[in-house]
2 protein chains.
Amino acid sequence: MATIYDVAKAAKVSPKTVSRVLNGDAPVGKKTRDAVNAAITALGYVPSNAARMMRSNKSGLVGLITGAISDTIEPAQPAGLPELLLVRGIQQTIGLTGKTLMIADSGNRSERVPDLIKTFLEHRVEGLIYVAPYHQNVRLPPVPDDTPIVLTNCFDEIGTPAVIPDDRRGQHDLVARLIAAGHQRIAYLTLREDIVATGLRRNGYREALGEAGIAYDPALVQCGEIGSPETETQVLWTAIDRMLNLSQPPTVFCCGNDRQALKVYGILRSRGLAVPDDISVAGYDNYRVIAETLYPPLTTVELPYTAMGVRAAQRLLELFSGEGRNDAGTDVVGGPVYWRQSVTERRPPNVSQLKLVRED
Amino acid sequence: MATIYDVAKAAKVSPKTVSRVLNGDAPVGKKTRDAVNAAITALGYVPSNAARMMRSNKSGLVGLITGAISDTIEPAQPAGLPELLLVRGIQQTIGLTGKTLMIADSGNRSERVPDLIKTFLEHRVEGLIYVAPYHQNVRLPPVPDDTPIVLTNCFDEIGTPAVIPDDRRGQHDLVARLIAAGHQRIAYLTLREDIVATGLRRNGYREALGEAGIAYDPALVQCGEIGSPETETQVLWTAIDRMLNLSQPPTVFCCGNDRQALKVYGILRSRGLAVPDDISVAGYDNYRVIAETLYPPLTTVELPYTAMGVRAAQRLLELFSGEGRNDAGTDVVGGPVYWRQSVTERRPPNVSQLKLVRED
DNA sequence: TCCACCTATGACATCGGTGTCATGACATCG
DNA sequence: CGATGTCATGACACCGATGTCATAGGTGGA
């Protein structure tokens, strides 16, 4: 690989002059500049980042640690790739600044993380972003103070800057929309009890019911994800069966995610129920491959992965420039409800609401 | 950030001795070694890759260019993330060698690719891998001869080493299995006519029919992806309708991908047909979130993304070590058929085959 | 006309590691 | 006992950029 000395020799100038042409940080005579550029092209010269970095002590690198690229053996998400939208958001935002994103994959094996961090530190990354595959509490190994870090889709208990989804509000907004559409008996099939999102979303569900003056009925809330993935369909079937046999059965099923909603479509249809004519279904995530492709398309809430990625990258950039907020707090990012054809508007109980529906 | 000189001073040795401790490339007395290690820990010293790289001229970096992380506005794949499995396979394989993978995202905007390549060259990557979002013909900007490059999920016309999926064989194997299960009237809903996979897979389809002595009936092959994504459902509905109204209607629908199969499930059920009791469905890709979650689970062929990623990385490593084959040819990677509950075994026409089914 | 000043350019040191070679202290062997 | 070899360590140069400072040549104002 040609060096700046080769170029200098070919152009019959000093290396420093070549450097000036490259960086434009000092005036260079036109004739000289042309000669240098010609030599650069002729030799196919590309400056070495390593040498530049040594001198300037600026790597222009941002490190991203994720398990998203590797397989998650998570019962909840056998192929949970959508969190890669997070990476997309981060990439977009970091790319705009001219910095380069280095991505390392932990394979969700936390014991590998320290090694990845070490590699990044060897490359003198200017900052780190850690992305979790789903909303969770984490504890990262220590990182030197002068390397800022932002957690994404996760948080810790020592106040590291973090960006997480607004699970409470997402579920709240969805349920509020269902109520506005005339639904009163709203079933909720939750994800596993031990994940962070489940509790937050149930809060949002209860809150929305409370605001509408609808009593919370525990019989309408069941976990749809107990035990191993193999038994999942059976668990769902049982839960749905139990709720449909209530004296006041639900008119809509809210699912823990779009994948679960996909299963629920199949189960309901096997029971001879048409979606949405006989019963409505809503999901969570706005996992587009499912939500848009399902027939009929699925009403759901967006888990705002891309927006979270953008936000995380912005926070890191703020930390670089020292604008970083001192509170070192957690950003909560909400996502919109996507209203599609899997939920019917139910005939509302009084005339004023009927009018509303007509306008809609 | 502490340097090797700081460590040397703290441990009262020369920088070179610290280097020896770090790399273990020459014997160091135990007492000295302990002192050096203590100093390293005390100072939180992490060696600078840039400095190391300058001297050794080995970056330990591999560059990966992909559009997979960014949004593809492809009618065929509104959220086609599964090709990220490719990245996973590459990451795994490269990681084993101790090299670091740098990932850059072209956002599928080919005009950005030269810039990304330049950035990688500045970092002195030892090799490049280009990943396309779907099987296609590409033309990359030139790369210096001393930087090996491997194309993945794509190929070019100048013989660059490439790894592509075996679309022909995949479809062939699936159709052969369907025939073995007793199906004779096999409908095929294809992807867009202009993509590489469509032609290859149709060849596989015809080949399998031919081997079984079944005549090819053009009425059973229809494109399921014409026009814009919005009209896709309508197009599918029409194509399915036409085929079901044939005097000899199909007993199974082969779909261009699992997403299409998901739509087909909905359409068939809307027509009152149960899958698989009334009609069978098969997909392509083994996009697990869909194939495993659908009810009933979907019979499909794996598009072997992970295996292709592994293979691509291996080929690059071979090029590093000079073992690279001179033919600079294209590797074709096949994937297995996943037989799930969306296809029924049909009563075979004679007794000997009936026996076979019983054993199964 | 001479000095001050600006422009264009080059010499040299430096960043943080590592390769090469030299050196001093012992151990081994004839 | 001296020659030879091995071990542990250090001095120094070098990788390829760029920051600092110096300098040659030209220009303008007093």
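# A tour from two tyrosines to DNA strand D

Start by selecting Tyr188(A) and Tyr205(A): both residues are buried. The model on screen is a predicted one.

**Stop 1: the aromatic pairs**

How many aromatic pairs are there over all chains? A search of the whole structure gives six. In one of them, the ring centres of Tyr188(A) and Tyr205(A) are 5.2 Å apart and the planes meet at 35°, so this pair counts as tilted. Colour the chain by secondary structure to see what the pair connects. Tyr188(A) belongs to strand β6 (residues 186-190) of chain A, while Tyr205(A) belongs to helix α8 (residues 196-211) of chain A. The two are 17 residues apart, and the pair links distant parts of the chain.

Keep both tyrosines selected and move on to a pair that involves two chains. Trp237(A) and Tyr295(B) make a tilted aromatic pair, with 6.3 Å from centre to centre and 40° between the planes. This pair crosses from helix α9 (residues 232-244) of chain A, which holds Trp237(A), to the loop between α11 (288-291) and β10 (300-301) of chain B, which holds Tyr295(B). Trp237(A) has a relative accessible area of 26% and is therefore partly exposed. Tyr295(B), at 23%, is partly exposed because its value is not under the 20% cut-off for buried.

Return to chain A and add Tyr216(A) to the first two tyrosines. Tyr188(A), Tyr205(A) and Tyr216(A) make up one aromatic cluster.

**Stop 2: charges over rings**

With Tyr216(A) still selected, show Arg206(A). The charged end of Arg206(A) is placed over the ring of Tyr216(A), at 3.8 Å from the ring centre. Then go to chain B and select Arg201(B) with Tyr284(B). Here the charged end of Arg201(B) lies over the Tyr284(B) ring, 3.6 Å from its centre.

**Stop 3: helix α10 of chain B**

Select residues 258-270 of chain B, which form helix α10. The helix has 13 residues, and its first and last C-alpha atoms are 18 Å apart, close to the 18 Å expected at 1.5 Å a residue. Is α10(B) mostly covered or mostly open? It is mostly covered, with twelve of its 13 residues buried. Among the buried ones are Asp258(B), Arg259(B), Lys263(B) and Arg269(B), as well as Leu262(B), Val264(B) and Ile267(B).

Now look at what flanks the helix. At its start, a side-chain oxygen of Asn257(B) comes within 3.2 Å of the backbone nitrogen of Arg259(B). Just after the helix, Gly272(B) has a positive phi of about 85°.

**Stop 4: DNA strand D**

Select the protein around DNA strand D, where 26 residues surround the strand. The closest are Thr17(B), Arg20(B), Pro27(B), Gly29(B) and Thr32(B). These surface residues comprise ten nonpolar, eight polar and eight charged. On the DNA side, 55% of the strand D atoms within 4 Å of the protein are from sugar or phosphate, and the rest are from bases.

Three backbone contacts can be shown here. A backbone N or O atom of Ile4(A) is 2.6 Å from a phosphate oxygen of strand D. A polar backbone atom of Gly29(B) is likewise 2.6 Å from a phosphate oxygen of the strand. A polar backbone atom of Ala51(A) is 3.5 Å from a base nitrogen of strand D.

Finish by colouring the elements behind this surface. Those giving two or more residues are α1 (4-11), α2 (15-23) and α4 (49-56) of chain A, plus α2 (15-23) and α4 (49-56) of chain B. Which element gives the largest share? That is α4(A), with four residues.

Definitions and conventions
Residues are numbered from 1 along each chain as its sequence is written. Chains are lettered from A and ligands numbered from 1 in the order in which they are written. This is a predicted model: local features need pLDDT of at least 70, side-chain atom pairs count only at pLDDT 80 or more; totals for chains, interfaces and linings use all residues. Side-chain values use heavy atoms; hydrogens and water are left out. A residue is near a molecule or strand if one of its heavy atoms lies within 4 Å of it. A polar contact is a pair of N or O atoms within 3.5 Å; within protein, one must be able to donate a hydrogen and the other to accept it, and residues adjacent in sequence count only if both atoms are side-chain atoms. Ala, Val, Leu, Ile, Met, Phe, Trp, Tyr, Cys and Pro count as nonpolar, Asp, Glu, Lys and Arg as charged, and the others, Gly among them, as polar. The expected span of a helix is 1.5 Å times one less than its number of residues. Buried means under 20% relative accessible area, exposed over 50%, partly exposed in between (1.4 Å probe, protein chains only). Rings of Phe, Tyr and Trp (its six-membered ring) pair if their centres lie within 6.5 Å; planes under 30 degrees apart count as stacked, over 60 as edge-to-face and the rest as tilted. A charge sits over a ring if NZ of Lys or CZ of Arg is within 6 Å of the ring centre and within 35 degrees of the ring normal.
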